[in-house]
Amino acid sequence: METPPPPRAMLDGGPQALWEPQPPAGALQTPERCVWPCLSILEGDSCPQGLFEAISGPPWAGPQQVLGQGSCSDLNHWSGQGVAGWPCTGPCWSRRGCPAALETVLREEAQRGFATLEDPLAALLDMLDSSRGWRGKGPSLEAWVARELKRCLQAQLCPGPARGSPGLKQLQARAVKLLAESPPGLVEPLVSIFQLQDADRSPLLAHVHRLHQEGKFKEAIVLGAKLRLQADLDVEKMCIPLLLQDKADLVERYVDGFPDLQRRLLALMDSWCQPGFDIRVVARRYPQTTLRLERLSPRALGRQVLRLLEQHGLDPDLCPNVVNQQRLAALRYLCYKRLVERSVSRESWAEHVQGLAGQDQWLQEQLLQLLASHDDAALVAQCALDLLLPEERLPASVAAELRQLRIQERTAEAPLEDGKDDYYQLPIPREHLHFLASWEDLARHQEELLQPGQVVGMDLEWRPSFGAGGRPRASLMQVAVEGRVFLLDLPRLSSPAGGQAPQAFFRLVSRLLTDPSITKLGYGLAGDLRSLGASCPALAQAEKQLRGSVDLLQVHRQMRAADRPAPGVDGAAGPRGLSLLVQQVLGKPLDKMQQLSNWDRRPLCEGQLVYAAADAYCLLEVYWALCREPARFHLSGDLARSLRLGRGERAGPGELPPLQKALTSPQQVPAGEDAAPEVPARAFRVVCDSMLQGLARRLRCLGIDVLVLATGEDHRRAAEVS
């Protein structure tokens, strides 16, 4: 349908009647105020004919049938049907509901009308005092008028009062009274128009306090921020009810730009994380408020506090309870790795634990409880010996083992050393491991690192941070080529004090990453490159520069997505990540004893050097094994095509990458006697509850019969139907 032209009143000067000083019968009898009944929703006031024509338009527009005699009070009923012949999706004063052409016309008429008024600010207040439509939710004509007046004042299209003038102070006092009932869409224009941020603070503060006492906590904190009253308000009083309602975003905006308030807020949130604190005690002070206490667990609060500490660059010592909770979680993790998995070396474990617990009595008590809860008294005694724990604070059985250890001067590490043959072993001589820490080292081995057409394995190591915030700084970069491994000392090579080394290092890495003839292997390669970029700003674009790569993490995911795990391996247990892939392909997992060691320490110990080299070289051996026997691992035989795709080529229209083809092509899976028969999708029947309707729709698209339980239906019904 063709958009109808503007009504005659809009084109022939008809809207001048909107601003005529002669009021019609029933309108307010002052020249300055007669305009506002025409633009507001006033019950009982008649609309001037000019406005009625401008709004209703020609007979084909249709609004006359609704407006009747043109009462402005009927405008609400028609506001979504169209204005002046333009179809609207909402009220004509709504930014989303008004067509651009009509909005431009109305804006021009509004500006013309404001210019004819002697005091537009007083007229706006008169309109708001006389009208009720703006007090509800949603867009209103009054808010639209206020926004347009603000626009005109900023563009100096109509006169405004001088800053600090007596007349402005009187208007500010009137505007403050209206703020109590103003919706958010009206608050911002009023603050700007009447310069309320510069007004007398006493009535503004009183108004904010009144909103707070009435339980309008959101309105109070929003208005306080708009008026820049944060320094004069109690941050705890303003923020506590919002935190209890899970409105932390409002609280963050409220303290933005006020470092002292940020510190006080974090101290408050940290106090809620102290052991034994009951948030329900605080919640009882707000019985009429809908609270969301499930979001205020110490763990959830701790994450928020740590994020804000990093965001604002504040000292973690401001929040000792959160820091201790974080350290306790790290202690639990380390005890699990040492006492259960036994995948951390004694030296690394003792170093981390001592750094976390320090001299804090509470953390030391928690550590003792963690150790006492373990059944292996000999291993716990070894841990106690490494930490120099007092014998009298240990359980009797552990204390007895500790005395034996001291007498016999034996260690508990020997059984772990005996199991080295159970792990992947680096297949190259020790002298083929090269530690590069200078420009001369890089120049000496540059040709070997950048040999065109070769395959290289890449990995990074960094000191564990245990969630201390931010991406950890990489300490070591490993590059493995056939027969050799190069360990690049990142702190030395990227340091500005390194002379020629930083530039040489950045050039070498950039050339390695951008050369498509060199196939780069990694496991989670994108994450490693992001860490490299965060540690070396000159390599911030490393991930985008990468050409010619194969991420074995993606290959591993496709292997695990097959119908059964790799031959002879139970994928549901044992090692994880790269160690699991190495076990599935090469038969033995990686030895992860040095994974959590201190990679910032120099010189690195022999165990760290061998571990780092094995982490990179195993990528080469896994890749070669997959290329030799792709079908054994349910992969496409055309791995060369996979490499070309990794170097930037794209599959043709509708063509899947080969590794994905392996999962969708039945002929790639050897059919043995124990192969399970294919089951068509239509043979499946699935029962979902109402929270899984999205899943149900997707399954139905695959031809699966799905029954969705009704909302509120007992979940036991699913078992009955099944």
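## Exercises on a predicted model

Arginine 228 sits in the loop that runs between helix H12 (217–226) and helix H13 (235–244). The structure is a predicted model, and the exercises below start from this residue.

**Exercise 1.** Find which sign the phi of arginine 228 has, and then find which kind of peptide bond joins arginine 602 and proline 603.

*Solution.* As background, most residues other than glycine have a negative phi, and most peptide bonds are trans. Arginine 228, although it is not a glycine, has a positive phi of about 55 degrees. Turning to the second site, the bond between arginine 602 and proline 603 is cis, with omega at about 0 degrees. Proline 603 itself is placed in the loop between H30 and H31.

**Exercise 2.** State how much space lies in the largest pocket, and work out which parts of the chain supply its lining.

*Solution.* Begin with the volume, which is about 960 Å³ for the largest pocket. Next, take the 35 lining residues, of which Arg576, Leu578, Lys592, Gln595 and Tyr611 are the closest to the pocket's centre. Then assign the lining to elements: helix H18 (320–341), strand E2 (455–462), helix H30 (577–586) and helix H31 (606–628) each contribute at least two residues, and E2 gives the most, with four. At the level of domains, at least three lining residues come from domain 2 (322–409) and at least three from domain 3 (424–562 + 577–645). Finally, sort the lining by character, which yields 16 nonpolar, seven polar and twelve charged residues.

**Exercise 3.** Explain why arginine 112 and glutamate 109 are separated by about one helical turn, and say what their side chains form.

*Solution.* Both residues belong to helix H6 (residues 100–116), and because they are three residues apart there, about one helical turn separates them. Their side chains meet in a salt bridge, with 2.4 Å from N to O. In the whole structure there are 24 salt bridges.

**Exercise 4.** Identify where the pLDDT is below 50, taking residues 410–417 and residues 563–573 in turn.

*Solution.* Start from the average pLDDT of the protein, which is 76, with 73% of the residues scoring at least 70. Residues 410–417 have a pLDDT below 50, and this stretch makes 15 contacts in the model beyond near neighbours in sequence. Residues 563–573 are likewise below 50, with 15 such contacts in the model.

Terms used:
Residues numbered from 1 in each chain as written. Predicted model: local features only at pLDDT ≥ 70, side-chain atom pairs only at ≥ 80, totals over all residues. Heavy atoms only, no water. 1 Å grid on protein atoms, 1.4 Å probe; cavity = no way out; pocket = protein on both sides within 12 Å on 5 of 7 lines; lining within 4 Å. Points joined across faces, edges and corners; volume = space filled by probe spheres on them. Nonpolar A, V, L, I, M, F, W, Y, C, P; charged D, E, K, R; others polar. Domains from an automatic or database assignment. pLDDT = per-residue confidence, 0-100. Contact = heavy atoms within 4.5 Å. Salt bridge = Lys/Arg side-chain N within 4 Å of Asp/Glu carboxyl O.
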